[in-house]
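Me: I am new to this structure and would like to know what stands behind the terms used for it. Please show it, and then I will ask.

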Amino acid sequence: PIFRELFFNSFYSLFGLNHLPFRIFSVLLHFVNILLVYIFVQRIFTNRLLSFFVSLFFGISAANVAVLYYLTGGVQILGATMFILLTLIFFWQYLEDNKVKFKTFSFLTFALSLASHEMAATTPLLLVGLVFLREKKQRVLSIYIRELWLFALLVTVYLYLDIFKIGFSQNEEQYQMVFSIKRILNSLAWYWVWALGLPEMLVDFVKSGLSLNPSLMRYWGGYFTIIFPAFFGVMGFFAAFLVYLGVKVKSFFPDKRFWFFVLWFPVGILPVVFLPLHKSSYYLLPVLPAFWVALGLVVFGVYKSLAMRHKKIVTTVIGAFVLLLLLLSAASIGLGDKTYPAAVRGRLAEKLINDVKSQYPKLPPGSVVYFKNDPDYPFIAEDWGGTSKQAAFILNRADALQLFYKDRTLRVFYEDMDTIPEDIPKDNIYEIMARINY
């Protein structure tokens with residue numbers, strides 16, 4: 001893939017393990033995508049205020065915490081999103097000007113998007129949607145759809161290689177596909193609330209029956225009093241807006257532009273919606289433009305309907321709604337900076353290494369370090385495990401301590417994940433409690 005092997009190998013050859021150039025490149029890609037979102041929305045609607053609204057919330061969405069902190073995967077989805085947006089922009093230009101060069105550009109960027117991330121596989125369906133959006137005459141519509149055969153052929157070959165030649169991991173439960181309607185709807189609901197601004201980690205604290213694990217308070221702290229009121233406030237306003245449009249504005253819901261962006265969300269998330277144990281807000285980036293366009297159309301539809309008669313009231317109401325959206329995103333981003341695994345892993349690794357160094361300044365060659373669970377750490381979920389399991393991921397098993405002590409013979413075991421071999425002498429085992437504080 002372009003943004004994995006090619007990107008990391010070239011940057012590593014230039015910058016080694018200095019992460020700063022990698023981070024700068026990711027942020028630059030993010031700003032390019034914000035600009036492309038603005039351009040695409042402007043092409044469809046020629047409404048600068050709507051285009052600004054969509055690109056702003058696309059840019060500051062809390063879902064970007066996963067994208068920008070998770071460097072290895074984030075840069076892939078950023079690159080794929082860039083090529084997907086370019087594909088849509090070029091194809092829309094082709095539909096408007098009927099110049100073959102734009103269709104050629106669209107196909108090339110689509111091929112590059114497939115070479116960046118599998119989330120691009122549904123792009124031909126979006127192109128079909130653009131045809132329906134642009135054309136009204138049945139004959140012209142069928143001609144344009146037939147012209148997409150090359151896109152369909154490429155994605156068919158891609159899916160065949162991906163499914164039947166590469167295949168799925170049979171040993172990892174999170175990559176097993178589930179075709180239960182209930183599980184699919186559950187996944188779509190999570191992706192929807194994550195797009196709106198809820199933190200990704202909430203999924204680990206919601207038990208059956210929508211009850212919350214009380215340990216959530218420990219991790220969210222003061223953010224708890226901001227995120228939930230803001231979220232339910234946004235939901236209340238949004239529901240009221242939809243009811244008003246349905247009752248008072250009869251022309252709103254028949255608008256096919258609205259439905260194109262509404263359907264883009266589930267269609268774009270299809271490659272991962274059947275993986276209920278592998279949900280992540282990281283996968284939202286290619287569908288975030290659709291989410292914010294649909295929401296923006298609702299907001300601007302209400303404003304347009306009421307501005308002539310009740311301008312001050314509707315401006316105040318929509319201003320409060322936007323303020324709640326900003327508050328929700330800001331609080332979730334702040335929480336993500338303190339709790340998202342990719343954000344805190346470095347800080348926690350430093351703490352764990354310092355704990356080991358403090359207790360064992362020197363270790364003889366061939367020593368065994370054994371991390372035990374902290375009994376005061378609350379149970380969250382099976383995936384989280386105890387503190388020893390988390391320490392195993394944070395320290396990448398033995399790598400961190402072998403590097404720190406400069407001893408490749410050093411072995412490291414973790415209570416949740418290992419059993420110490422019986423032939424290891426007890427006086428060669430150095431125990432330490434894995435204390436994790438988010």
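Reply: A cavity is found on a 1 Å grid over the protein atoms alone, as a set of points where a 1.4 Å probe fits but cannot get out; a pocket is an open set with protein on both sides within 12 Å along at least five of seven lines, and lining residues have an atom within 4 Å of a point. Grid points are joined across faces, edges and corners, and a volume is the space filled by probe spheres set on the points. By that reckoning the second largest cavity has a volume of about 40 Å³. This is a predicted model, in which local features need pLDDT of at least 70 and side-chain atom pairs count only at pLDDT 80 or more, while totals for chains, interfaces and linings use all residues. Residues are numbered from 1 along each chain as its sequence is written, and side-chain values use heavy atoms, with hydrogens and water left out.

Me: How many cavities of 30 Å³ or more does a search of the whole structure find?

Reply: Two. The largest cavity holds about 140 Å³ of space. Its lining has 14 residues, and A62, V65, P199, E200 and Y340 are the closest to its centre.

Me: What makes up the lining of the second largest cavity?

Reply: The residues are I84, M119, A120, T122, T123, L126, W264, G268, P286 and V287. Helix 7 (123–134) and helix 13 each supply at least two of them; a helix here is a DSSP run of H or I with at least four residues, a strand is a run of E with at least two, and both are numbered from the N terminus.

Me: How many residues of that second lining are nonpolar, polar and charged?

Reply: Ala, Val, Leu, Ile, Met, Phe, Trp, Tyr, Cys and Pro count as nonpolar, Asp, Glu, Lys and Arg as charged, and the others, Gly among them, as polar. On this basis the second largest cavity has seven nonpolar, three polar and no charged residues in its lining. The lining of the largest cavity has nine nonpolar, four polar and one charged.

Me: Which residues lie nearest the centre of the second largest pocket?

Reply: They are F252, D255, R257, G301 and K304, out of 14 lining residues. The volume of this pocket is about 360 Å³. Helix 15 gives the largest share of the lining, five residues.

Me: Why is helix 5 called roughly antiparallel to helix 6?

Reply: Axes are lines fitted to C-alpha atoms, for helices over the stretch in contact, and angles run from 0 to 180 degrees between N-to-C directions. The axes of helix 5 (residues 71–97) and helix 6 (residues 100–114) cross at roughly 165 degrees and come within 8 Å. That angle makes the pair roughly antiparallel, because the term covers angles over 145 degrees, with under 35 counted as roughly parallel, 65 to 115 as roughly perpendicular and the rest as oblique.

Me: What handedness do the crossings of helix 5 have, with helix 6 and with helix 1?

Reply: A crossing is left-handed if the near helix is turned anticlockwise from the far one by less than a right angle, and right-handed if clockwise. Helix 5 passes helix 6 in a left-handed crossing, and helix 1 passes helix 5 in a right-handed one. Helix 1 (residues 2–15) packs on helix 5 at about 120 degrees, with the axes 9 Å apart.
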